[in-house]
Amino acid sequence: MQTRALPYLLLLPSVILLGVLFLYPFVLVAWQAISDDAGQLTSAHFSEMLGHWKFNTAFKNTLYLTLAVVPIQMVLALYMASLVTGMKRGRDAFLYIWTIPLGISDLAAGIIWLSIFEQSGFLNSFLVTFGINEQPETFLGYQNKGTIFLAIALAEIWRATAIVLVILVAGMGLIPKEYQEAAEVFGASRWQRFTKVTLPLLKPSLQTALILRVILAFEVFAVVAALGGTNLPILMGEVYQWQFVLRDPNVAAAFALVILGISILCTLVIMWFLRTPKGATI
Amino acid sequence: MMKKTALAAALTLGTAVTGIQTANAEVLFWSTQAAPIEEAQAMREKVLSGFEGEVDFQPSETGPWITRIQAEATAGSGKIGLIGSLHGNMIDLSDNLADLSDIDTTGVNGTFLELGKLGTDQQKYIPWMQATYIMAANKKALEHLPEGADVMSLSYDELIAWAKNMADATGSPKFGFPAGPKGLKHRFFQGYLYPSYTNSMVTKFRSAEAEGAWNAFKDLWQYTNPGSTGFSFMQEQLLTEEVWVAFDHTARLADAFNQRPDDFIGFPAPAGPTGRGFMPVVVGVAIPNTAPDMDEAKALLAYMTKPETQIETLRATSFFPVVDVELPDDMPASVQLSGAAIAAMSGSDDANPGLLPVGLGDLGGKFNAVYVDAFERIVLGGQDVREVLDDQADSLRKIMEEANAPCWAPDAASDGACPVD
Amino acid sequence: MNVDGTSSAMRWTFRVSILVLCAWVLVPIYLLITNTLSSPEEVVSFPKKVWPSFNLESISFFINFAGVGQALWNSVLVACVTMVFSISAGAPAGYALSRFDFRGKSFYRVLILMTRAFPLPLLALPLAVLYIRIGLDDTILGLALLHTMLALPFAVLITYSLFSGIPVELEEAAWTLGCNRFQAFYKVIFPLVLPGLTASAIFAFVISWNEVFGAAVLTIEHRTLPAFLLQGLDQAPLHLKFAGGAVLVAPALLFIFLVRKYLFSMWGIANR
Amino acid sequence: MAEIKIKSVARRFGKVEALKSIDLTVADQEFLVLLGASGCGKTTLLRIVAGLETASEGEVWIGDERVDRLPPRDRKIAMVFQNYAVFPHLTVFENIAFGLRMAKLDQNTVDKRVKRTAELMHIDPLLERYSGQLSGGQRQRVAVARALAMEPEVLLMDEPLSNLDALLRMEMRAELKSVLAESKTTTIYVTHDQVEAMSMADRIAIMNKGEIVQASDAVDIYRNPSHRFVGSFIGNPPMNFLPAKPLEGSMWSVANLQLPGPAHPSNATDSQIEFAIRPEDLTVGDATTEGAMHVKVRVVEPLGSHLLASCLVDEQLFRVVLDSDHPITSGDSLYIKPMMDRIRWFDAKSEHVL
């Protein structure tokens, strides 16, 4: 069998697609970030970006948000996935419920969580109705950056854990029961079985889920805009700001390259940390 | 070769899937205004149905709106016949817009027409509709007015005192300001705060008077609902009563006025030491060079400025006409409430009307950012007023010099770039 | 002897966890529905009621809104074409990644992820220019191609881990029993990964369904539902905002509901 | 007529030589077992014959056809995999019928053949089950049935019994042998289990480090190992080896014995040869026995049918099989006499028999 050429043939459709629809426009945009109007290479746009007073804040906020959201999502999804595998009846129903947020766009999620946290929202209604608070609180006020951050993190965890869950559940389904049973025979507790058998065998799925989540977390925008207003600048928001409000596509492209850069970096780090040794697959 | 075949196949499929592309005589009206679907519906059914040709009204968010227009301009061909948006969005599209000088513009506000030239000698856009910032209050708030203050001729100091009274009385700040991501707060600083305190928008950006203006605003901010940084359309918070008194432009207050006309009043923006600064919001319509049917587009454009169309537009969008028209009596509550406020504002003794920035080209966005950044640093960030103003003044000066834009009202006319003292 | 899994404390933790997690997911959805089914006055009232008054004013506004049906149909078309494209381009790539070692493998893996790591709003401009020039502008196909690009990383990575979980011997056995590579894939591997493929199809569907920016730029007469509805949704009065959100969410939920069986009813691959 | 000819087949993985120029012919209807320790290349060779792997060089012929460029499906082979590779999404029936359907046989023939092979393998009651509902032994039967149903000219089996427990393995061994004898296919069977190999094979090819060191029938391999490795691998316990020093003529000194052996090589002093004998080819005498070797007993293992004594000669391990009732304990001295016709000599360097 022509094994040498075959993998490339299999990749061809996706590569053509990516080449035309992604690489071509990407190169054009990336060029904007590093060239001036006369077509000369320049670092001016990057200096302008780095020199802008919001850059550091936006960069940090994006990282913090990712750091706050993704690990919780991974743990939560793992927990949900193992609950599901431990279920005897009703698996389908619970899984369906837990994957509902999958179908909810970030715009819709923003609307939903704003209706909870805004001053006249459901949370305040609850607190006031039950006499816990006398006055509705302004959870999303500019001086409560912590609360805003928390609200955004909650909304993101709510919205995007389902992606991780689906990938992990599918991955767990592929782990043969025998391994669990073998470990049980050797006296491993439930927790040990999870950490010593399930987790290592789940590595490829964990890797996939983690990479996708981290990349998507760097691109979060709609939920932050809905809940944070202008209080929590993030990189993706700055891309919009420079592209459509400040009308400086060069600096917007520079911001986009920063997002791309940290995404690739994180991807490589995750790929390396969660690499599966050759031959250690199921 | 291979690619070509694939492309041909793709095109065929595209045709198959979409059932494509009859050469349509419809004019595609691509607009950022009247985007909420109930407004869009009114535009289609009430405003545009009177046009003898076919119109396809497609509202869009600013991002896709700009992207699409730029794409068509770059590609050199397009579907869009007519574009409609805020003055600020038109500025850097200037090169792609057809000259509209041959359109009959009798009756259209001359100042706005001048704005529509975008600093060129061609008519780049024709004014379509206008709004202005006014204030709105829940009637419950009126009892907290400081003594002796007349709501129809309020000063900034009285507004601050009023906001304080409300906060003290209710336990939570009841003044609201649209400082959210889509709020148009830069226009407040440019057209209201600065003119009212410095009688200038650019020249006295870092003056002592400006410092006073910012300090006054900081005072007001103490009694401003802290959620304001998330507010973009004050009608929502007025309706939920998260705020009782708010500042926003007429179209963004309309929903509150219309839903509960008896609960709200509209009144003029406050006055400062140098008068009652205010500024219009102008929405224009223009035709891109790539319009498929230029004549039909121009016919539609002319239709848009007809008095009857303008009145229907007002009903649909709560934006006011740019031509002189007699408004009928059966206008919605929002028109009556905000109309009264606008009349009181422009008719007041201390009225100090300003103009939208002109001649900035594609630096308009950055010009606005100077004011917004100053706000975020001074008011939200708590940074030192003097330092921030000095810092932002440098950026402002650079922008004015790069654009080489002369001063506009209320700044006195200048030779060459408008100076920042 | 450790009797984990059967002790009543464990069982209770198990049950309570499940219920709490269900509530965590469902309560926000419920609140959206409550707001959708409330009258405009109730939506802005405070404190809010937890039980809706089943006022259908807002929702019927959307359902009767001219063009919604067409937009819905466009959305479904685009999402389905996206599903087919992303699986047909993604699954072979996932298969190649799982079965072969070849030069450029890591590069490819990073490349497909880049499409998700670069802000679409910036890519939209050059893409739209390209589309206008080659005639893909304002077509279902063109938008579906863009959405395929967005869904591709999911399709490739999910199928990659699926194929990695299928023992090579099953395929080899099929070869020795008279299959060529394609037949072996189609008759043996494909049925085994079908549930997982459904998962990546769902991703494709949902990604396409919820994508707004590209749809708003690249379609005009063939607007998808989000591009059609979401324009100005945040300027719309509150009650319409919620109803719009619900109208958008409902079909996606229905779709997931319909295919949920395939999503999770894995074959007993455990015995190998 | 399906003779398998393997000509100079080599396989390299990078710099590692997994197979070094293998030549092997398997006669029509012959049952050949590839025997060797894990990692010796036997599975690689089998997979090359199957077409699942490509040889770096060399030719593979099945019948009159050169097949090494053909895909597996065109080689008229069937294969049984070590982990059975029973398709989990198909019933037992469909598993067995899989290849038949690929060959586009009509439903009648398919039914008939599936039924026949299922009966042959005693799995006819399981036809509607899925692989998940089968035990390991049953799955193994399905795998074999699936291969046999193809009525292949060549049957390749990769350690098909290694995942079964000892008792089941013995049962399946006998059963497989009779089934295969009847089916008249040419079979290559890979295993690391010498008992399995000897009990089933017409001929055994013993592999070591990517080479076939000896290919012959079971008795010949046991009696006449052509290579030191064969002697040390075959037999339980395997052969004893002791160094031999050259004496005059063709006499050799082994421990305290002087034995006639092969003629001295030209450079006799340097070259060393080894004396080899199977533990059961020794007779026990006493201190007075002429030509007996003196060994010290270290461990005695009573194995029922016999005793196995591990002894030391000149600090070298030397195993002796004794009668079960032989009175002996560790520490005893033992005088043993090799049966002269069973002594083998190996070149210590080339490891070939002399």
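Chains A and C meet in this predicted model through 83 residues of chain A and 82 residues of chain C. If you would like a place to begin on the chain A side, try helix α1 (residues 6-34) of chain A, which supplies the largest share of the side touching chain C, namely 16 residues. Sorted by class, the chain A side of this contact holds 59 nonpolar residues, along with 19 polar and five charged ones.

Chain C also touches chain D, so to speak, from another partner's point of view. Here 21 residues of chain C are in contact with 22 residues of chain D. On the chain D side, two elements each give two or more residues: β6 (77-80) and α2 (92-102) of chain D. The classes on that side come to 16 nonpolar, five polar and one charged.

Since chain C takes part in both of these contacts, let us look at that chain by itself. What kinds of secondary structure does chain C contain? There are 12 helices and zero strands, and reading along the sequence you simply pass from one α element to the next, in the pattern α-α-α-α-α-α-α-α-α-α-α-α. The C-alpha trace of chain C spans about 70 × 70 × 30 Å along its principal axes. Of the 272 residues in chain C, 59% are buried. Contacts within the chain can also be sorted by sequence separation: among those in chain C with a separation of 6 or more, 75% join residues 24 or more positions apart.

Now let us return to chain A for a closer view of one helix pair. Two packed helices are described by the angle between their axes and the distance between the axes. For helix α10 (residues 203-218) of chain A and helix α13 (residues 249-273) of chain A, the angle is about 165° and the axes are 10 Å apart. How are the two helices oriented, roughly parallel or roughly antiparallel? Because angles over 145 degrees count as roughly antiparallel, α10(A) is roughly antiparallel to α13(A). The crossing of α10(A) and α13(A) is right-handed.

You can follow this packing residue by residue. From α10(A), the contact is made by Q207(A), L210(A), I211(A), V214(A), I215(A) and F218(A). Facing them in the contact, α13(A) contributes I259(A), I262(A), S263(A), C266(A), T267(A), I270(A) and M271(A). Taken together, the contact of α10(A) with α13(A) has 10 nonpolar and three polar residues, and no charged ones.

Terms used: Residues numbered from 1 in each chain as written. Chains lettered and ligands numbered in written order. Predicted model: local features only at pLDDT ≥ 70, side-chain atom pairs only at ≥ 80, totals over all residues. Contact = placed C-beta atoms within 7 Å. Helix = DSSP H or I, 4+ residues; strand = E, 2+ residues; numbered from the N terminus. Nonpolar A, V, L, I, M, F, W, Y, C, P; charged D, E, K, R; others polar. Buried ≥ 20, exposed ≤ 12 C-beta atoms within 10 Å, placed from the backbone. Axes fitted to C-alpha atoms, helices over the stretch in contact; angles between N-to-C directions. Parallel < 35°, antiparallel > 145°, perpendicular 65-115°, else oblique. Left-handed = near helix turned anticlockwise from the far one by under 90°.
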